[in-house]
Amino acid sequence: MIAVAVRQSPDLARARLDLATAQGQLQQAQGITDTHIGAQAQSNVSHGGVRDPSGEFDVEHVEASLSKALSTGGTLSVTVSGDRQLSQLSGLDANGNLTPEPAGTRYAAGAQVALTQPLLRGAGSSAFEATIHQAERQRDAAALLQEARARDLLVALAQSYWQVAFAWRQLEVRKASLDLAQKQLAFTEGAIRAEKVAQSEALAVQQVIAVRRQDVIAGEQELYDRSIALRQLAGLEIGPDALDLKTDELPRKIDPSQLDLAAVVRAAFDHSAELAALAASHRAAEIGMAAADNAAKSRLDLALSAGPLGADRKAGDAVHNLFAHTGFLFIGSLVFDHAIEQSAERGGQAVARAALHQAEVAERDARAKLALRATRAVQRAEAALASITLGDEAIGLAEQNITAEQKRFELGKSTNFEVLRRQDELEQARLRQASSVNDYLAARADLDGLSGAILARYGVVMP
């Protein structure tokens, strides 16, 4: 049943999709460290027109580049390029007419290393890797939330399972009570025939039999309702031939175990997947706050580019000159930008600060709710254990009272009303005992869910 539920649970399916989304977002964030290779080809043709002495120009440019982002927030790139420039100018003859001059071709080859480095906004590894670290924390939170959903599902399944077992026990007790009443009716009818008791003594028994038959019908209906609820929770088939579920029998006895409330609360805090997920979300919010503060700084970027350069009228000679008769190219720039109002920057900081405060509030609220849930589970388990112990005694005394009352009835010193009342007391004692066992098992399932032990108990391993 658990295997089917884990495989088909909509909550777990959504948690798995959330985790897959978070993993995809992390991989997307890690893309800023990827190495990029690029290529470009460009051709420009310019024609000055019939009366334009600028003539014609044909420029072709190709380049290939390799770039890599640095942990400092900058970018390092290497580029090799080649250019071909064909030009034909026009001059004036003695009569003032435009005459074309001989065409000239120039080839150029170059290799450059370029570095772009932010000095304020975006500078440093913490700023560069902020999106990665934030995505990592969100991925961790999604994985922990998946485990928390699995724990909640198993707790709900275990509690619903024991509810069905309790419904079976309840039906069994009510049928046993009906059987006692029917035996009492048979005994009473025999006593009436022997003229030991009055005819009216049968009326009380017949009335109780009718009521107890109604209780059995109600018990069967409750069994169907709880079985269907369990089937729905577990994703099992529901149909005319798939209504009730036969569970393990509700335990008759429970081995008492001492529970230390302080230790249980500490263990719940230490092993809570939900708290750990909120802590990861809190760390992600802190990273987001630091990133927003960094983004509020002014922009000051340094860009440097340098490399050899070779040129000639032939392509091969231009490449040869790149190494033999090297020219040199150097470009340096410093770019500054500052928003006077800083509306976007302050807005980003406000959003990040609110997200951080929300994470803190959620974490604090979850701790309080977790402590309350652990406390209630311990108190429920202890109360159930005490009730089970008293229930055993109550059942034994009720059985003795029925026997004693039956003997007094046989001696004519009691009535069927008293015998049936004793039977009702036994039925109620048995139902209270079963209810206490169910309460204890439900509380233990809750405690196992808080500590995470419920996953190992049922062999569920989260990916």
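The legends below describe close-up views of a predicted model. Local features are reported at pLDDT of at least 70 and side-chain atom pairs at pLDDT 80 or more, whereas totals for chains, interfaces and linings use all residues. Residues are numbered from 1 along each chain as its sequence is written, and side-chain values use heavy atoms, with hydrogens and water left out.

**View 1. Strand β7 pairs with β6 and with β8**. Strand β6 (residues 104–118) runs antiparallel to strand β7 (residues 299–312) over ten bridges, and Leu-115 stands opposite Leu-304 in β7. Strand β8 (residues 327–337) pairs with β7, also in the antiparallel sense, over eleven bridges, with Leu-300 opposite Phe-336 in β8. Strands (E, at least two residues) and helices (H or I, at least four) are DSSP runs numbered from the N terminus, and two strands pair if DSSP finds at least two bridges between them.

**View 2. The largest pocket and its lining**. The volume of this pocket is about 200 Å³, taken as the space filled by probe spheres set on grid points that are joined across faces, edges and corners. A pocket is an open set of points on a 1 Å grid over the protein atoms alone, where a 1.4 Å probe fits, with protein on both sides within 12 Å along at least five of seven lines; lining residues have an atom within 4 Å of a point. Among the lining residues are Arg-169, Glu-172, Arg-252, Asp-392 and Arg-430. Helix α4 (130–193) gives the largest share of the lining, four residues.

**View 3. A salt bridge within helix α9**. Asp-365 and Lys-369 form a salt bridge (a side-chain nitrogen of Lys or Arg within 4 Å of a carboxyl oxygen of Asp or Glu), their closest N and O atoms being 3.2 Å apart. The two residues are four apart in α9, about one turn of the helix. Asp-365 is partly exposed at 38% relative accessibility, while Lys-369 is exposed at 54%, where buried means under 20% relative accessible area, exposed over 50% and partly exposed in between (1.4 Å probe, protein chains only).

**View 4. A salt bridge between helices α10 and α9**. The side chains of Arg-422 and Glu-405 meet at 3.5 Å, N to O, and this pair links distant parts of the chain, with Arg-422 in α10 and Glu-405 in α9, 17 residues apart. Both Arg-422 and Glu-405 are buried. A network of salt bridges links these two residues with Arg-408, Glu-418, Arg-421 and Glu-425.
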